[in-house]
Amino acid sequence: MKHYLVLICVSLIFSSFGAKLPSVFIKCNRKQADFQQCLTKAVENAVRQMDHPFKEVGLLNLESFVIPELTVAAGSRVLVAQQTLKNMTLSGFNETKCTKVEFDFDKNTLKLDCVVPHFRFDFSYELNGQILLVSIYGNDTGWVVMQDSHFELSYQLGEYEKKGKKYFNIVNHQLKIQPRSIDFDLRNLFDGDEEAADRVKKILKDNALEIYKDIHSGYDAAFGKVFATIFERFLTRVPVSNLFD
């Protein structure tokens, strides 16, 4: 009972004053001359450390993060097939390199340019449609690896007050992922017909970037929503006054 009361008191303290940034995160002074450069280092530093959770600020472990289900719409030219990916796990963010992160306090916009050298996601898949007018279908497990993926993210933020403190929230967001190369494996294509699977896998691999260009908007929208959800969890816990010096 005593332990339970302590937990209630701690929860009340956090809800009243808001969470602080973890001590291992870099905190930038918004008035310093090199604020944008500091912010770039701070974001890179934070993302690289998200191979474990920071529960006090709502940040999850990206290296074991599971997306229960993700649907990618069919392309219009090359891969005309809706993809349903389940139990998807992500990895590679602990090697993230950010080249530019900019926060505009007048417009409340945040823009990030980062590169993930080895972005991988594993999943169970359902696929049925056409690739370059050739039938393709399957239902099993698979993985995709995007090498040197350039992530361009932008967030339009709003503001609101909670218990006398100002917080940011996400009003709009956009993501564009541009990989240098793509490798993948889809097991049990064509219900185990290895000859048909090998033939179509060669078509897929030979045209991987062209295929991605045809369907990238689906992946951008899906992953953009995931990242926005994680970022929103963080923003609801940390007031603006605790984000910057």
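A cavity, in the sense used on this tour, is a set of grid points where a 1.4 Å probe fits but cannot get out. The model in the viewer is predicted, and by that definition it holds 2 cavities of 30 Å³ or more.

**First stop: the second largest cavity**

Begin with the second largest cavity, in which about 310 Å³ of space lies. To centre the view, select L79, Q83, V144, F184 and Y219, which are the closest to the centre of this cavity among the 19 residues that line it. Then colour β2 (79–91), β4, β5, β7 (181–186) and α4, since each of these elements gives two or more residues to the lining; α4 gives the most, with 5 residues. If you colour the lining of this second cavity by residue class, it divides into 17 nonpolar residues, 1 polar and 1 charged.

**Second stop: the largest cavity**

Move next to the largest cavity, whose volume is about 770 Å³. Here the residues to select are V43, A46, V47, L112 and F231, the closest to the centre out of the 32 that line this cavity. At least two lining residues come from each of α2 (35–48), β4 (109–131), β5 (134–162) and α4 (208–237). By residue class, the lining of the largest cavity splits into 30 nonpolar, 1 polar and 1 charged.

**Third stop: salt bridges**

Side chains of opposite charge can pair when their charged atoms come close. With a cut-off of 4 Å between a side-chain nitrogen of Lys or Arg and a carboxyl oxygen of Asp or Glu, the count comes to 11 salt bridges.

Select R48 and E44 first, whose side chains meet at 3.8 Å, N to O; both residues lie in helix α2, 4 residues apart, which is about one turn of the helix. R48 counts as partly exposed because its relative accessibility is 33%, and E44, at 22%, is partly exposed as well.

Go on to R120 and D122, which form a salt bridge with their closest N and O atoms 2.8 Å apart. R120 is partly exposed at 25% relative accessibility, and D122 is partly exposed at 24%.

Finish at D185 and R187, where the side chains meet in a salt bridge at 3.9 Å, N to O. Is D185 buried or exposed? With a relative accessibility of 18%, D185 counts as buried, because the cut-off for that class is under 20%, whereas R187, at 37%, is partly exposed. Add K201 to the selection to display the network of salt bridges that links D185, R187 and K201.

Notes:
Residues numbered from 1 in each chain as written. Predicted model: local features only at pLDDT ≥ 70, side-chain atom pairs only at ≥ 80, totals over all residues. Heavy atoms only, no water. 1 Å grid on protein atoms, 1.4 Å probe; cavity = no way out; pocket = protein on both sides within 12 Å on 5 of 7 lines; lining within 4 Å. Points joined across faces, edges and corners; volume = space filled by probe spheres on them. Nonpolar A, V, L, I, M, F, W, Y, C, P; charged D, E, K, R; others polar. Buried < 20%, exposed > 50% of the residue type's maximum accessible area, 1.4 Å probe, protein only.
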